[in-house]
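Reader: I have just opened this model and would like to learn how to read it. Could you walk me through some of its features?

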Amino acid sequence: MDPILERYHALEKKVAAYTPSLDTQRLFDAFTYADAAHHGQLRKSGEPYIIHPIAVAEIVADLELDVDSIIAALLHDCIEDTASTHEEIAKKFGPNVAELVEGVTKLTRVQYVTKEEEQMENLRKMLIAMSRDIRVILIKVCDRLHNMRTMEYQSPKKQREKSLETMEIYAPIAHRLGMQRIKWELEDLSLRYLDPVGYKEIEEQLAERSAAHEEFLAAVQHRIQQRLSQEGIHCTVYGRVKHIYSIYRKMFTQNKTLDEIFDLYAFRVIVDDIPECYNVLGCIHDMFKPVLGRFKDYIGTPKPNMYQSLHTTVIGREGIPFEVQIRTWEMHQTAEYGVAAHWKYKQGLADRKLGTEQEFEWVRKLLESQQDTDAEEFVSTMKVDLFSDEVFVFTPNGDVVNLPAGATPIDFAYNIHSAVGNSMVGARVNGRMVPYETVLKNGDIVEIQTSKSAKGPSRDWLKLCKSNEARNKIRQWFKKERREENIATGRAAFESELRHCKLSLAAVTAEEVLPHILHKVRCGSLDELYASIGYGGTTASKAVARVRDEMLRLGRLQAEKAAAAARPIEESVIVPGSSAAPPPGQSAKSDSGIIVEGLGNCLVKFAKCCTPVPGDPVVGFITRGYGVSVHRADCPNAAPERRKLEEADRWVKVSWADSKLPNYKTALELSSKDRDGLTLDVAMALSAAKVKVSALSARSMPDGHAVVNMVLEVRDKDELAGVINKLGGIQGVYHVARSSGK
Ligand code: MN
């Protein structure tokens, strides 16, 4: 038989093995279509081109993806390299397949230039965000794997370029999607071209000692197996030497020779359920001496990419340390195939809930919302919305710029530099002139045209831009460049607002009043106030509200009740039983969400030291002059032993009311290993969790760790717990705690 046809039949067999209802004719049609489309094309190896799509489809089939993915893999280079079109593929194989092929094609077109780490991270996110459908990125990763496997036929320049791209983009993506097996292979293949000497050295040394390695692996495996079967534990044990790139990295970062590498070997014990995992751990620690500080429980706390296992490093009789990973079969599948395993699993067990595990946020969300739909629909609607609130675009020289979703060329221009934005006269997207309101899409190449004679931004731009950065820079420009104009427009707005509030300009600017007014609005002169209103630094209604307050205070308005209400809160002392009127805007329990026992209406403040949120047990302290200060019951400042005797009766019982504020401010402190991109990851996690951030600051400590302090606004303790959990999953983070008592 024709060897290509033979290879196709092997693929068909592989797919049929996990797809009972396989439509073999449809698959065969896809193969024939691709074969015809690539007819006459050769790979660098001299083989017919069709070998590549078949090989990619085989790798996709190893992941046991659905048939549409297999067909898309067969067709993945058709749009890019042959006369095929989206429409034709859609007509022959359905819109889903056409979408997948189109998605892979788009990723193929992304140009890549080596950049610093932050740029790399953006590029990875961009690829994932562009994929939309998770299967697109999976097929692309498989495509890259086969290209790396056949890289020997490329020129040395191409080998280096592709290897670097693989090491910096695709291996991390495979890691993020939890596909360890593919990640390792990509890393090893890349290393072979990036440092051929280093790679060969390790490869040869490992080969030289392979007999010794095999012997050691077999002996330890046998001992573990024997002991566990004595214990009646049903399990599979195997050992391996770690993959070359991980050894290489250790040799480099720890500056060691192969002989000095601490744990060259890794053993796996795979069991049926979680309790068995811990039983096995007990046995292993009984058999071998554990190395202190090397035990990690990724079952209790899975890695962000869903990885779960128990890890421990132990020292055997021979004095050789090795790592043991203990996991269930399900965890094993996830570790090897990552997100692909997950939905394969989901296809088999449609009724299983996976929502309680810590996984990719979007996977979890999708699984929850898809519980009732069938597997087919689940796969087709599984979209990557991990970065849906961001968009990633290119500068003409290949830098990636990260903007909020919905951003326009105006945002882009001001992101580059305010001078670029202020002198912008036109914008091109992917080589074409576009209007300023054009919404940028992932992967767009954006070019801004500037001119020295540009008139500067227009006020309309404030409505067209999406980022605060652009908005602020535009306002800055108006503030500086258009002072006269601003004063005029500001004055007009101010006067109209005054009339609206039945105040006269003359009354406000009277000699004995004006200094107080200016002090209140924090401006040096009336012109300054007008200018500020004119460029949008403040609004006329805010300014007039302050003016009004000040007029009230000065007794210039005939409004007795209002005057009483405006009495500064510092003047009222609140004691139990007092019925002092609450200051305006602070009235009683419904405003703060706190009920103070024995006190009807009183001013409530939340203690800055421990920032309680609904759900926390709380206690109140009646302060002198500013109401009841609410602490968390476990705040050190509220601890019974710290309470002064003479103040004993100032401590009161408080509780949460049914009606609460929409948000409560609370402070968190996160400690982590210091690394690039930490703050970005924290900010991303917070944005993904949709919590409002009032403050965020990071400090690097001299001992190589970093502390991030943040003030968040959350609804209650449950929401906060979710946020803490999410922050704890960020790479390198070891502790997230609520700030307390300092
Ligand atoms: Mn390809």
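**Strands, a metal site and a helix**

Author: Gladly! Let us begin with strand 14 (residues 618-622), which runs antiparallel to strand 16 and is joined to it by 3 bridges. Helices (H or I, at least four residues) and strands (E, at least two) are DSSP runs, numbered from the N terminus, and two strands pair if DSSP finds at least two bridges between them. This is a predicted model, where local features need pLDDT of at least 70, side-chain atom pairs count only at pLDDT 80 or more, and totals for chains, interfaces and linings use all residues. Residues are numbered from 1 along each chain as its sequence is written, and side-chain values use heavy atoms, with hydrogens and water left out.

Reader: Which residue of strand 16 is the bridge partner of Val619?

Author: That is Lys653. Strand 16 (residues 651-656) is also joined to strand 12 (residues 594-596), antiparallel and by 3 bridges; here Val596 has Val654 as its bridge partner.

Reader: How do I read the order of strands in an open sheet?

Author: In a regular strand the side chains alternate between the two faces of the sheet. The order lists strands as neighbours: one open sheet of 3 strands reads 10-9-11, with antiparallel pairing. Strand 10 (432-434) and strand 11 (446-450) are at the edges with a single partner strand each, so one side of each has no neighbour in the sheet. On average, neighbouring strands of this sheet are turned by 40° against each other, direction ignored (axes are lines fitted to C-alpha atoms, for helices over the stretch in contact, and angles run from 0 to 180 degrees between N-to-C directions). Strand 9 (residues 424-429) pairs with strand 11 over 5 bridges in the antiparallel sense, and Met424 has Thr450 of strand 11 as its bridge partner.

Reader: Which residues coordinate the manganese ion?

Author: Donors are N, O and S atoms within 2.8 Å of the metal (3.2 Å for Na, K and Ca); water is not among the atoms, so sites may look incomplete. In this model, His52 (NE2), His76 (NE2), Asp77 (OD) and Asp143 (OD) coordinate the manganese ion at 2.2 to 2.5 Å. Their spacing in sequence is H-x23-H-D-x65-D. His52 belongs to helix 3 (residues 51-62) and Asp77 to the loop between helix 4 (67-74) and helix 5 (78-81), so this pair ties together parts that are 25 residues apart in sequence.

Reader: Are His52 and Asp77 buried or exposed?

Author: Buried means under 20% relative accessible area, exposed over 50%, partly exposed in between (1.4 Å probe, protein chains only). Both His52 and Asp77 are buried.

Reader: What should helix 11 span, at 1.5 Å a residue?

Author: The expected span of a helix is 1.5 Å times one less than its number of residues. For the 15 residues of helix 11 (residues 180-194) that gives 21 Å, and the end C-alpha atoms are 20 Å apart, which agrees. Helix 11 is mostly covered, with 11 of its 15 residues buried; among them are Trp184, Leu186 and Ser190.

Reader: What does Thr166 touch?

Author: Contact means heavy atoms within 4.5 Å. Not counting residues up to four places away in sequence, Thr166 touches Arg144, Met148, Ala171, Pro172, Leu186 and Ser190. Thr166 lies in helix 10 (residues 156-176) and counts as buried at 0% relative accessibility.
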